[in-house]
Amino acid sequence: MTDFQNILQGSLIWVEGLAAVISIIYYNRGNTDRYWKYFSFYLILMFLCEVIGKWGHMFIEYSKPKFFNYFVIPIEFLFFYWLYAAKSLERPKLFYTLSLLYLLSFLPSEIFFTSKKIIFSFNYTFGCLMLMILVIMEYYKQINSSEILNFSKNKMFYINLGVTLFYIGTLPFWTFFSLLAKYKELWDMYFNYFLISGITMYLLFSISFIWGKRSS
């Protein structure tokens, strides 16, 4: 990686930590819906996972790709399916359906796709596409809401924007990872975007606790 990418990657971890700390500070401030507290738990867990991914090899021997592919990334998708479908959109059956489909997508990944990648392309792409559907549904809900003029107090506005920039914006990068790797300049540009959008997403998550704390 370039020096710039190393700086961005290091910054991403600490911005995740910042989001976790802010979520703790605002843990009991103005949240009328108890499920928002689980968002705080999620941010803390993600930060700890990133710390393990960065420095865990110094203490224990483990496979970093397997740790992220089989534990961290599934938690990310399943949590956002729950937050979007079950809570924000109030469609719990949709949450169970998407979660089941996502977990089943590991089967073709194991059978038909190579595991010599940092992220398994098929099930990550499939999971991201389903998340994109939820993102679009959330935008539709917000646009048609009577509270559209008070969007700055809506936690899901910041969360949805962050998820759009990071997960949806980097979908082509991870889907065509092996192909893009053959074109270094293009790969570097997209990898920079991946890191910058990740930083932006966690900053937006932090803002959701500060500016959106009065909204459910």
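Here a trainee and a mentor talk through the helices and the largest pocket of a predicted model.

Trainee: Before we start, what should I know about the numbering and the model?
Mentor: Residues count from 1 along each chain as its sequence is written, and side-chain values use heavy atoms, with hydrogens and water left out. It's a predicted model, where local features need pLDDT of at least 70, side-chain atom pairs count only at pLDDT 80 or more, and totals for chains, interfaces and linings use all residues.

Trainee: Okay, at what angle do the axes of helix 1 and helix 10 cross?
Mentor: Helices here are DSSP runs (H or I, at least four residues), numbered from the N terminus. Axes are lines fitted to C-alpha atoms over the stretch in contact, with angles from 0 to 180 degrees between N-to-C directions. These two axes come within 9 Å and cross at roughly 15°.

Trainee: Are helix 1 and helix 10 roughly parallel or roughly antiparallel?
Mentor: Their axes cross at roughly 15°. Angles under 35 degrees count as roughly parallel, over 145 as roughly antiparallel, 65 to 115 as roughly perpendicular and the rest as oblique. So helix 1 and helix 10 are roughly parallel.

Trainee: How many residues of each class does the contact of helix 1 with helix 10 have?
Mentor: Contact means heavy atoms within 4.5 Å, and here it includes F4 and L8 of helix 1 and F191 and L195 of helix 10. Ala, Val, Leu, Ile, Met, Phe, Trp, Tyr, Cys and Pro count as nonpolar, Asp, Glu, Lys and Arg as charged, and the others, Gly among them, as polar. The split is 15 nonpolar, seven polar and two charged.

Trainee: How are helix 4 and helix 6 oriented to each other?
Mentor: Helix 4 spans residues 92-104 and helix 6 residues 121-143, with axes that come within 9 Å and cross at roughly 160°. That pair is therefore roughly antiparallel.

Trainee: Which residues of helix 4 meet helix 6?
Mentor: On the helix 6 side, the partners are N123, F126, G127, M130, L134 and M137. The contact has eight nonpolar, two polar and no charged residues. From helix 4 come L94, L98, L101 and Y102.

Trainee: What about helix 6 and helix 7, at what angle do their axes cross?
Mentor: Residues meeting here include Y124 and C128 in helix 6 and M156 and F157 in helix 7. By class, that contact has 12 nonpolar, three polar and one charged residues. The axes come within 10 Å and cross at roughly 145°.

Trainee: Which residues does T175 touch?
Mentor: T175 sits in helix 8, residues 171-175. Its C-alpha is 9.5 Å from that of F126, though the two are 49 residues apart in sequence. Leaving out residues up to four places away in sequence, T175 touches S121 and T125.

Trainee: Which helix gives the largest share of the lining of the largest pocket?
Mentor: A pocket is an open set of points on a 1 Å grid over the protein atoms alone, where a 1.4 Å probe fits, with protein on both sides within 12 Å along at least five of seven lines; lining residues have an atom within 4 Å of a point. Of the 27 lining residues, the closest to the centre are Q9, E50, K64, F68 and F194. The lining divides into 19 nonpolar, three polar and five charged. The largest share, seven residues, comes from helix 10.
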